[in-house]
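Trainee: Before we look, I would like to learn how the terms used for a structure are justified. Could we take some of them in turn?

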Amino acid sequence: MRATTETLLGGRHILRCVHCGTEQRAADPLFQCEQCQELLEARYPEWIPLKPQETQQLKRTWRERRMSNAPEDVSGVWRYRELLPAIAPQHIVTLKEGNTPVWPLRQASRRLGLENLRVKHQGMNPSGSFKDTGMSVALSMARVEGFEVVCCASTGNTSASMAAYAAHAGMKSIVLLPAGYVTAGKLAQALEFGSTVLQLRTDFDGCLRLLYDVVRRFRAYLLNSVNPWRLEGQKTLAFELLDQLDWQAPDHVIVPGGNLGNSSALGKGMIELLELGIIDRLPKISIIQAAGANPLVRTMRENGGRELIPVEAETRATAIRIGNPASWRKAVAVLRRTGGACEDVTEDEIRLAKSELGAEGIGCEPASATTLAGLKKLVRSGFVKADESVVLILTGNMLKDADYMRQDDKQQLIGPMEADAATVIRALEKLYAAN
Ligand code: F0G
C-alpha cells in the first residue's frame, strides 16, 4: 500500500520565493531568497492533479495508517507524508504530534445562532501547542543537514516545542525570549527540556532580529516559522482537519495571527488539497489579531495588503504580542486566495471569549480565544452566516497561561477559610442564594 501511494506524490522539492518567484535548491541560514531576501516556500514541481481513483486511494491509505503502530503512521504529520518533503525514516523526529480533537461548541453555537460550529484543539499536541507539527518536520530537516544545535526566538510556545523535540533528538537548543513576557508554564517547559534560555530586554520582534544576526555568525539551525519546513509540518493541520471532516471543507476556518506562520501554513495546506483534487472547494480562512498587536489588520485596512504596517505590540495574550510579523506576505496571499476576513479583538473580548470556551469545558490560552471573539464580530457583520459551517483553531493549551485565568475575577474561588463543615456550608449557601 505504502509503495503504491508514495509513488503518486512526494518526490523532489524546491524552495521558491513568495515575492519574486525565484527558485533555489538550498537555503542560506536565514531562509531568505537569494535575489530579494524575502521568504521562501517549499514547492513540489512534479505534483500534478490526481485522478479521482488516486485521491480515493490516498484517503484510504491515510485512514488505514490510523490503525498502524509505526511512528510515522501514528504521527498526525507524517501520516500525510505523500504531501511532505521526502525524509528517510531514520531522520524523522516525532513525538506523535497532531491527532488533535475536533469538538462541537454547543453553547456558543446556540448563542450565535450558528448551525455548525466546532473547534480543533491544537493545544492537545505533545508540548501543548500547534508548534509541534511544524517542529517535527523542521527538526528532522536539521538532522538531515547535520546540525547539532537548533535555535529560535519565541513568545514561549515555539521554544517549548523546540526544546522538547531537540531533547528527544539528542540535540542542543538555544532560545531567545523577551524578558518578562513569556508565561511561567512555557518557560518551565524550555528549561525542563534542557534549552539554554537567554532572556533579552526587548520584545519578540527584537529577539528575532537579533537571532538573524546570531545565525549568520554561529552555526545553529533557525527554527522560527521563516523556516519553510516549519510551515510544511503546520500545513498538515489542513489535512488532518479535512480527514476528520470526511473531506467536506467547512465554509470558514478561523485562526489567531501573530507572526503569521500558522495562518500561512493552514492556507498552503488547503490550497494544495484543492489543487491536487483532494477537496473541491476552499474554506474562507480568517485571521484574528489582538487589537494591541494588529499589524496585519492595519495593513489590510490601510493599504489592502501591499505594504506591512508594523506596530508597537501590547496585549495580555503574550503568545501573539508581535508587531512586525515575518510571514505577512504569505498571510495576505491566503486571505486573498480564500476570501477570508482579517479582524482584531479587544482585551475584554478575548477575556470573555476565553471564559465562554471554558464554560463549555474547553480550556485554551488567551491567544486561541481570539478566534471565538473574532467569530462574534464576523457573525455580527454578516460575513459568517447562520447556515455556514465554522471551525475555530485553538492553538495553545489552557495550562500554558494559568496566571491569566487566576488574574480574572473568578467568583467561584472562595477562601482561604477555616477547615470545618459549618463554615463551608455557610459559604455555599451564601453563594447559591446570591446566584
Ligand atoms: N497562538 C499561540 C498559542 C501561539 O503561541 C502563537 C505564536 C500564535 C497563536 C500565532 O501563531 O505566529 O504562527 O501567527 N507563537 C509564537 C511563539 C510566535 O514564539 O511561540 P503565528
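Mentor: Let us begin with a definition: two strands are said to pair if DSSP finds at least two bridges between them. Please keep in mind that this is a predicted model.

Trainee: What makes S10 and S11 a pair of strands?

Mentor: Strand S10 covers residues 252-256 and strand S11 covers residues 284-290, and the two are joined in the parallel sense over five bridges. Pairing asks for at least two bridges, so S10 and S11, with five, are called paired. Within this pairing, Ile254 has Ser286 of S11 as its bridge partner. Between the two strands the chain passes through helix H11 (residues 261-276), and this β-α-β crossover from S10 to S11 is right-handed.

Trainee: How do you know that S10 and S13 pair as well?

Mentor: S13 (residues 389-394) runs parallel to S10 and shares three bridges with it. Since at least two are needed, three bridges are enough for S10 and S13 to be called a pair. Here Val253 has Val391 of S13 as its bridge partner.

Trainee: Why is S10 described as largely enclosed?

Mentor: Five of the five residues of S10 are buried, so the rest of the structure largely encloses this strand. Both of its faces are covered, with His252, Ile254 and Pro256 buried on one side, and Val253 and Val255 buried on the other.

Trainee: Why is Asn303 called buried?

Mentor: The relative accessible area of Asn303 is 14%, and buried means under 20%, so Asn303 is counted as buried. Asn303 lies in helix H12 (residues 295-303), and, leaving aside residues up to four places away in sequence, it touches Arg298 and Ile309.

Trainee: What makes the approach of Asn303 to the backbone of Arg306 a polar contact?

Mentor: A polar atom of the Asn303 side chain lies 2.9 Å from the backbone nitrogen of Arg306, and the limit for such a contact is within 3.5 Å. The side chain of Asn303 also has a polar atom 2.6 Å from the backbone oxygen of Glu307.

Trainee: How do you know that Asp243 and Arg63 form a salt bridge?

Mentor: Their closest N and O atoms are 3.0 Å apart, and a salt bridge requires a side-chain nitrogen of Lys or Arg within 4 Å of a carboxyl oxygen of Asp or Glu, so the pair qualifies. Asp243 belongs to helix H10 (residues 236-244) and Arg63 to helix H2 (residues 52-65), so that this salt bridge links parts of the chain 180 residues apart. Asp243 is buried at a relative accessible area of 0%, whereas Arg63, at 33%, counts as partly exposed.

Trainee: Why is Arg301 called exposed?

Mentor: Its relative accessible area is 55%, and exposed means over 50%, so Arg301 falls in that class. Arg301 also forms a salt bridge with Glu343, with 3.7 Å between the closest N and O atoms.

Trainee: What makes Lys377 and Asp344 a salt bridge?

Mentor: The N to O distance between their side chains is 3.9 Å, and the cut-off is within 4 Å, so the pair is counted as a salt bridge. Lys377 in helix H15 (residues 366-380) is thereby linked with Asp344 in strand S12, 33 residues apart. Lys377 is partly exposed at 23% relative accessible area, while Asp344 is buried at 9%.

Notes: Residues are numbered from 1 along each chain as its sequence is written. This is a predicted model: local features need pLDDT of at least 70, side-chain atom pairs count only at pLDDT 80 or more; totals for chains, interfaces and linings use all residues. Side-chain values use heavy atoms; hydrogens and water are left out. Buried means under 20% relative accessible area, exposed over 50%, partly exposed in between (1.4 Å probe, protein chains only). Helices (H or I, at least four residues) and strands (E, at least two) are DSSP runs, numbered from the N terminus. A crossover is right-handed if, with the strands pointing away from the viewer, the path from the first strand over the helix to the second runs clockwise. A polar contact is a pair of N or O atoms within 3.5 Å; within protein, one must be able to donate a hydrogen and the other to accept it, and residues adjacent in sequence count only if both atoms are side-chain atoms. Contact means heavy atoms within 4.5 Å.
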